[in-house]
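Work through the exercises below with the structure open. Try each task before you read its solution.

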Amino acid sequence: MQTVKTIDEVVEQYLTYGKKEDALFIRRAFEYAENAHVGQLRRSGEPYITHPVAVAMILAELQLDATTLAAALLHDVVEDTKVTDEEIVRQFGAEVAALVDGVTKLKRIKFDSSEEQQAENLRKMFMAMAKDIRVLLIKLADRLHNMRTLRYQPSEKQQQTARETLEIFAPLAHRLGMYSVKWELEDTALRYLNAQQYYRIVHLMAQKRKERESYVNDVMDLIRKKCQELEIQAEVTGRAKHIYSIYRKMVTQQKEFNEIYDLFAVRIIVNSIKDCYGVLGVIHTMWKPMPGRFKDYIAMPKYNMYQSLHTTVVGPRGEPLEIQIRTWDMHQTAEYGIAAHWVYKEGGGRADSKFSQKLAWFREVLEWQQDFKDAQEFMETLKLDLFSDEVFVFTPKGDVVGLPAGSVPIDFAYKIHTDVGNRCIGAKINGKIVPLDYRLRTGDIVEVLTSKHSYGPSRDWLKIVQSSQAKSKIRQWFKKEQREENVARGKEIIEKEVIRQRLDPKELMTPTLLLDVLHKFNFAREDEMYAAVGYGGLSAAQVVTRLVERMRRDVASTVVDPLSLDLRDKKHPSSSGVRVRGIDNLLIRFARCCNPVPGDDIVGFVTRGRGVSVHRADCPNAIALKDDHGRMMEVEWAGAPDLSYQVELEITGMDRHGLINEVMNAVGETKTEITAVSGRVDQKRMAHVSLTIRIRNLDHLRNIVERLKRIKDIHSVRRVIQ
């Protein structure tokens with residue numbers, strides 16, 4: 001359990017590396033925050049001020065400057081008290097105020113969903129981070145302390161916070177090279193997301209600890225002895241693998257705990273790079289290195305400044321043994337990452353140039369995020385970039401270029417320069433011509449072939465490039481070069497999507513409904529929105545979804561007298577299989593949000609100009625409208641054996657080869673029409689299959705569901721209500 005820190009402890013920690021006069025500034029920030037938060041309590045029952053103090057302590061342990069610690073102490077006063085930004089500027093200066101504003105959430109703006117709010121808060125943080133990386137350091141410290149005290153939150157909040165931590169903040173800590181923060185965030189998140197596996201691994205590690213520690217101690221003694229013989233000063237330590245890394249290995253490699261041998265790793269810290277390679281030679285003469293398991297991150301550092309030699313050898317017991325070799329400077333960077341390189345001097349100094357170069361990825365994020373009008377799409381792209389591994393390739397001159405794993409020569413071309421990417425017509429890898437969809441591998445020498453007569457990038461490139469930077473540059477080219485074509489193309493794509501969803505473009509694409517879409521995605525005019533869809537910056541599905549949502553809200557807010565409207569279906573009386581009690585031949589439409597079928601309990605609602613909309617009685621939209629008695633109609637199934645009804649099912653099960661085929665065959669055996677099918681696999685290797693079928697009645701549907709449930713590895717089959 002973490003003990004509550006005091007401001008005296010924070011100042012004491014700061015004075016181990018900072019100045020006495022700056023300590024007074026930190027105390028003044030504490031006193032101001034304490035007064036602002038007076039009377040506020042955390043869920044644990046402790047005074048709220050204990051949280052900002054704990055955040056400041058985490059940053060002091062990372063040896064951050066006094067300005068950062070003051071901002072950490074004040075980071076919640078604008079969000080949670082009556083203190084304004086202007087007051088922070090007056091009391092502590094513009095620099096502290098900018099840091100506080102960077103981590104303050106956008107609570108005063110109304111959002112359509114919590115996901116959209118989360119996305120916009122992160123986008124705001126990235127914008128502030130572009131000006132000062134310390135914004136992110138404060139946010140990571142804030143999240144770390146919140147994770148340490150997550151046990152006081154309700155279960156739903158624990159799950160939500162832990163998932164966001166695992167998807168966003170732990171990968172951000174990894175990008176910054178802050179491994180000490182990353183591992184704690186990951187391990188704590190796993191404890192709340194999968195407590196059973198977490199405590200199982202803890203228990204199994206405790207059982208093997210004595211045996212493994214004895215083995216690793218013997219190995220370390222042998223290494224120390226060899227280093228002394230060669231007169232190399234080295235600190236040799238052993239460390240247990242982190243719980244989350246063991247869990248990930250068990251999941252991704254489908255191994256049981258007793259099949260994982262490298263639960264412990266040996267770390268050797270020396271004084272110079274020369275000694276790193278000297279010790280590596282010693283290790284490889286003592287034990288046989290395993291092929292393909294040596295990585296030189298000193299010659300080719302990771303994007304987050306991490307440097308070390310990694311090798312895996314066959315140890316004394318014939319088991320794999322992982323060994324890391326680094327200098328003391330490298331070790332400091334490995335533990336604290338960018339925080340270890342933050343040099344903030346009096347008079348407004350900035351971090352060194354090498355440090356600035358390592359922030360390239362964050363600058364790229366800010367470039368391509370401008371292309372995403374939708375914050376949720378920005379979030380999805382951000383997650384992909386955060387989780388992607390890297391490959392290291394060479395230019396013909398021998399310069400090293402880091403790219404996301406799975407990148408193709410086009411990604412490399414745009415990494416070199418925008419014009420190189422736009423004029424790319426081919427590529428050579430290690431001297432041989434390869435197709436543009438060739439997946440780059442670490443160590444490849446890449447030469448881009450260009451032509452002044454190139455017509456520019458192809459739209460197909462967007463499907464094969466991996467880096468967000470390349471996608472952004474390609475979209476920019478289409479946006480600039482082919483505006484009129486993009487407008488026409490975008491409008492056509494949206495109309496096709498509307499028709500695909502069996503809706504009428506004339507009814508849905510009205511000026512009023514389109515205006516709502518423009519506001520949602522921050523467009524000034526319709527042609528800008530159409531152009532964005534045309535060049536790929538916005539998807540037609542996003543536009544149509546927004547149009548449908550707005551139309552439903554308009555319908556739900558309209559009170560109509562059913563007897564005042566001519567809603568009769570004169571061409572096809574009673575053709576829907578549903579009749580309205582007391583009124584013949586009314587126009588009937590089935591609600592697409594729940595797709596009712598014969599056998600379901602149903603209710604009807606009158607809509608303006610669109611007849612009676614029939615919903616399942618348990619449909620959320622129907623429940624929301626149930627108090628509007630002026631629009632409710634009693635409806636019943638009329639019995640029409642020749643009709644069919646569309647239903648969407650979501651099938652969940654363990655991913656394996658041939659699963660979708662078995663699902664399709666099971667449905668086919670019932671002689672049921674399948675109108676759409678799609679599938680995806682999540683990070684837990686669970687398959688999610690979406691199946692749209694046409695059925696006759698509820699008994700027909702139950703028969704299909706029972707057949708699907710009998711398939712091996714299927715966990716659940718549910719009917720989708722949007």
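**Exercise 1. Place a long-range salt bridge.**
Decide whether Arg656 is buried, partly exposed or exposed, then find its salt-bridge partner.

*Solution.* The model is predicted. Start with accessibility. Arg656 has a relative accessible area of 23%. Buried means under 20% and exposed means over 50%, so Arg656 is partly exposed. Next, the partner. The side chain of Arg656 forms a salt bridge with that of Asp713, at 2.6 Å from N to O. Now locate both ends. Arg656 sits in the loop between β18 (645–654) and α29 (659–668), and Asp713 in the loop between α30 (698–709) and β21 (714–719). The pair links distant parts of the chain, 57 residues apart. Asp713 is partly exposed too, with a relative accessible area of 26%.

**Exercise 2. Trace a second link.**
Which parts of the chain does the salt bridge between Arg707 and Glu669 tie together?

*Solution.* First the distance: the closest N and O atoms of Arg707 and Glu669 are 3.0 Å apart. Then the positions. Arg707 lies in helix α30, while Glu669 is in the loop between α29 and β19 (673–681), so the bridge ties together parts 38 residues apart in sequence. Finally, exposure. Arg707 is partly exposed at 26%. Glu669, at 53%, counts as exposed.

**Exercise 3. Examine a pair within a helix.**
Why are Arg224 and Asp221 separated by about one helical turn?

*Solution.* Both residues belong to helix α12 (residues 195–229). They are three residues apart there, which means a separation of about one helical turn. They form a salt bridge, with the closest N and O atoms 3.0 Å apart. Arg224 is partly exposed at 31%. Asp221 is partly exposed at 45%.

**Exercise 4. Read a sheet.**
Which strands of the sheet β10-β9-β11 stand at its edges?

*Solution.* Take the order first: three strands form an open, antiparallel sheet, β10-β9-β11. β10 (432–434) and β11 (446–450) each have a single partner strand, so these two stand at the edges. The twist averages 35° from one strand to the next. Check one pairing: β9 (residues 424–429) meets β10 over three bridges. Ala427 stands opposite Val434 in β10. Last, add the helix. α19 (residues 409–416) packs on the sheet and touches β9, β10 and β11. Its direction makes about 80° with that of β11.

**Exercise 5. Describe a histidine.**
Is His310 buried or exposed?

*Solution.* His310 is in strand β5 (residues 309–314). Its relative accessibility is 15%. Because the cut-off for buried is under 20%, His310 counts as buried. Its side chain makes a polar contact of 2.6 Å with that of Tyr306. Residues in contact beyond its sequence neighbours include Arg293, Phe294 and Ile323.

Notes
Residues are numbered from 1 along each chain as its sequence is written. This is a predicted model: local features need pLDDT of at least 70, side-chain atom pairs count only at pLDDT 80 or more; totals for chains, interfaces and linings use all residues. Side-chain values use heavy atoms; hydrogens and water are left out. Two strands pair if DSSP finds at least two bridges between them. Helices (H or I, at least four residues) and strands (E, at least two) are DSSP runs, numbered from the N terminus. Axes are lines fitted to C-alpha atoms, for helices over the stretch in contact, and angles run from 0 to 180 degrees between N-to-C directions. Contact means heavy atoms within 4.5 Å. Buried means under 20% relative accessible area, exposed over 50%, partly exposed in between (1.4 Å probe, protein chains only). A polar contact is a pair of N or O atoms within 3.5 Å; within protein, one must be able to donate a hydrogen and the other to accept it, and residues adjacent in sequence count only if both atoms are side-chain atoms. A salt bridge is a side-chain nitrogen of Lys or Arg within 4 Å of a carboxyl oxygen of Asp or Glu. Lists of a residue's contacts leave out its neighbours within four places in sequence.
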